[in-house]
Amino acid sequence: MKLNKIILSFISALALLLSTSITSFAKVVGDKIILGSAISLTGKYSSNGVHTQNGYNMAVDRINSMGGVKVGGKTYKFEIIYYDDESNPKRAAQLAERLISQDGVEFMLGPYSSGLTKAIAPVTEKYGVPMVEANGASRSLFTKGYKYLFAVLAPANLYLDVAIDLAVEKNGGKPVTVAMAFEQDAFSQDVRLGVLEAIDRTGSKKVIDDKLPKELNDMAATLAKVKAVKPDVLVVSGHTKGALTAIRQIAEMKVDVPMLAMTHCDAAKLSKQHGKNSQYALCASQWHKTLTYKDDFFKDGMTYDADFKKLFDYAPPYQAAESSAALLVFKDAFERADSFDKVKVRDALAATNMQTFYGNIKFAEGGQNVDKPMVLFQVMCDGDNCENKVVAPTKWASAELIHPIPSWSKR
Amino acid sequence: MDLLIFQVPILMVQASLDGILLGILFALIAYGMALQWGVMNIINIAHGDLVILGGYITYFMYLSGIHPALGVIVAPAIMYFVGVGLYKLVINKVVDRDLFISILATFGISILFMQLMNFAFGADVVLANSEFGTTMLFDNSVTLPNSKIFSAIISIIFAIGLVVYMKKSKLGRAIRATAQNARAAKILGVDTEKVYAATFGINAALCGVAGSLVAITFTIHPYMGLPYTIRSFMIVIIAGLGNLPGVAVSGMGLGVFEEFADYILGTEFRIGSVFLLLVLILVYRRFKLSKKREYLK
């Protein structure tokens with residue numbers, strides 16, 4: 001009797017499983033355009049994975065509620081199938097394969113991080129499935145000759161080179177000395193290449209070139225060297241843990257350096273976790289809410305910021321904003337292609353030239369967005385209340401760069 | 001290779017002091033491992049994950065507005081029960097078995113802990129700010145964060161407390177008796193099952209203290225446990241089981257070694273150099289042992 005029950009429940013579970021996969025989605029079902037995405041909902045990228053998913057979902061709702069996508073005189077709505085890639089590149093590649101060959105998805109949205117995008121890109125390329133991604137900035141993604149990969153964000157080598165130019169400008173056009181500490185991963189090393197190019201271009205000199213390990217939680221040695229050498233600029237890139245560790249130990253060791261440039265400040269919630277200690281840090285960002293780009297769906301950065309907060313109860317990091325922009329790009333491409341043919345959509349994507357609240361979008365041959373400069377913001381505090389203010393490029397600046405950073409003894 | 005440390009000798013002072021302060025913390029973490037290894041003959045791969053869990057307890061205290069320094073009292077109290085619970089659930093089934101089984105079982109626990117912490121607390125890197133300030137020496141050229149000094153002092157207090165407890169208390173004597181000969185202890189009326197549970201609990205409590213200190217001085221993250229397991233393993237291997245003063249000395253030695261490796265070879269080889277040292281010491285031990293055997297022959 002008991003055995004019968006077990007067998008029965010097993011069979012019904014199997015039937016349920018089959019019935020869901022039999023109704024597997026094709027590219028366009030009824031009035032729905034089905035997009036697929038493998039995304040990190042668990043594992044080490046889960047927080048940024050969720051930012052990405054929130055960005056996608058918000059844009060889907062917005063586009064659908066504002067009339068959807070018009071193709072061939074008919075209106076369609078977006079829908080996304082998500083799978084959790086567990087922050088694991090192998091799993092992400094498997095899931096991309098499954099989305100395309102089992103679920104019949106013909107248009108993909110990118111995962112979170114350069115590493116996972118690198119794992120998925122060969123799969124989408126093999127099947128000729130256009131993928132618009134918003135969270136893989138590593139330069140190596142754009143030098144492989146991929147035809148179906150489009151990234152709405154600026155490549156990693158453009159993150160911090162502006163900071164070197166800025167330091168040289170503040171130094172009266174004379175070369176500066178640079179201390180660098182970069183994590184050994186694809187993204188940070190690309191940022192490093194960009195900085196090295198800027199050092200060469202300006203005739204500057206690197207005085208410290210440290211590599212940070214994956215399990216970093218102590219940079220005391222690097223910072224003690226910085227104290228001894230006294231460079232004009234200190235550049236740190238090691239994801240959130242690099243940003244947090246650097247700020248904590250710079251404050252504790254009272255390291256005085258005229259300019260401190262970093263990545264991942266807003267992902268690390270620097271001003272929240274460190275308050276005043278993070279003051280004057282210069283941070284590279286793909287997007288900031290005060291930029292004055294506009295579009296019809298989200299209006300501008302400030303409105304996006306407010307709407308996002310209302311929906312998800314936290315301020316949108318740039319990872320969410322660029323993810324929303326990816327959907328706008330897809331909508332625009334579908335309407336221009338006026339077709340669901342993969343090749344036609346791909347060609348329309350390649351010809352994209354538009355403005356979104358997130359920035360201008362125009363793809364180069366390799367698929368990277370070349371029409372949107374990075375911005376640098378500086379953490380500025382008024383009492384205990386710290387805010388990120390854009391200081392470069394000057395076109396978008398909402399505050400004047402504070403340079404050099406006042407020494408710890410005067411703070 | 002960076003030879004700056006030899007050109008600017010004051011950096012050597014900085015490196016040595018940083019290393020010693022760090023090493024004292026390592027030694028505290030290794031104490032727990034030495035204890036359970038010696039008593040229960042278990043190598044606990046999840047050791048570092050217990051440290052991180054202790055760190056999260058302190059972090060959440062800090063978030064709710066309590067000063068994180070109090071974590072060194074609260075975290076061990078909670079972690080003791082986590083340890084006892086873990087013993088009753090899993091460890092008691094592997095305690096008399098082959099060493100390999102315990103490694104496998106605790107490796108599984110380690111993975112489970114990492115994923116659970118990730119699930120419960122998120123994947124963000126977090127820290128607890130103590131606002132303790134900085135001590136400056138030699139006209140500002142050597143800086144010691146007070147949080148590191150605090151962590152060293154707390155580590156010493158707990159280590160001394162542990163040694164005294166093991167010597168004087170009834171349970172401490174029972175633990176030592178069980179470590180010497182579990183069967184004999186059992187025959188003489190020691191409840192070894194209880195002793196094992198308490199030992200694992202004390203180990204987890206020490207991890208809790210250390211975790212609090214890690215959250216106050218460095219950063220924590222669900223996947224950061226393993227380096228602490230490896231360091232403890234290394235320290236215990238060098239010192240030998242049951243040699244608590246040896247653990248203290250080798251802990252500090254490892255701290256200083258790591259700092260100098262960081263300055264000279266670069267931060268990226270920091271953990272690598274620990275592995276290298278481990279291999280060298282194991283090879284040296286083996287060499288010494290084989291010599292001894294020849295002598296006996």
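User: How many residues does the contact take from chain A and from chain B?
Analyst: The contact takes 30 residues from chain A and 30 residues from chain B, where two residues are in contact if their C-beta atoms, placed from the backbone, lie within 7 Å. This is a predicted model, in which local features need pLDDT of at least 70 and side-chain atom pairs count only at pLDDT 80 or more, while totals for chains, interfaces and linings use all residues. Residues are numbered from 1 along each chain as its sequence is written, and chains are lettered from A and ligands numbered from 1 in the order in which they are written.

User: And which elements of chain A give two or more residues to that side?
Analyst: They are α2 (46-65), β9, α7 (220-229) and α8 (239-252) of chain A, with helices (H or I, at least four residues) and strands (E, at least two) being DSSP runs numbered from the N terminus.

User: Switching to the sheet, what is the strand order?
Analyst: In chain A the order is β9-β8-β10-β11-β12-β17-β18, an open sheet of 7 strands with mixed pairing; two strands pair if DSSP finds at least two bridges between them.

User: Which strands stand at the edges?
Analyst: β9 (205-212) and β18 (385-392) of chain A do, each with a single partner strand, so one side of each has no neighbour in the sheet.

User: In what sense do β12 and β17 of chain A pair?
Analyst: Strand β12 (residues 282-285) and strand β17 (residues 375-382) of chain A pair in the antiparallel sense over 4 bridges, and A:A284 stands opposite A:L376 in β17(A).
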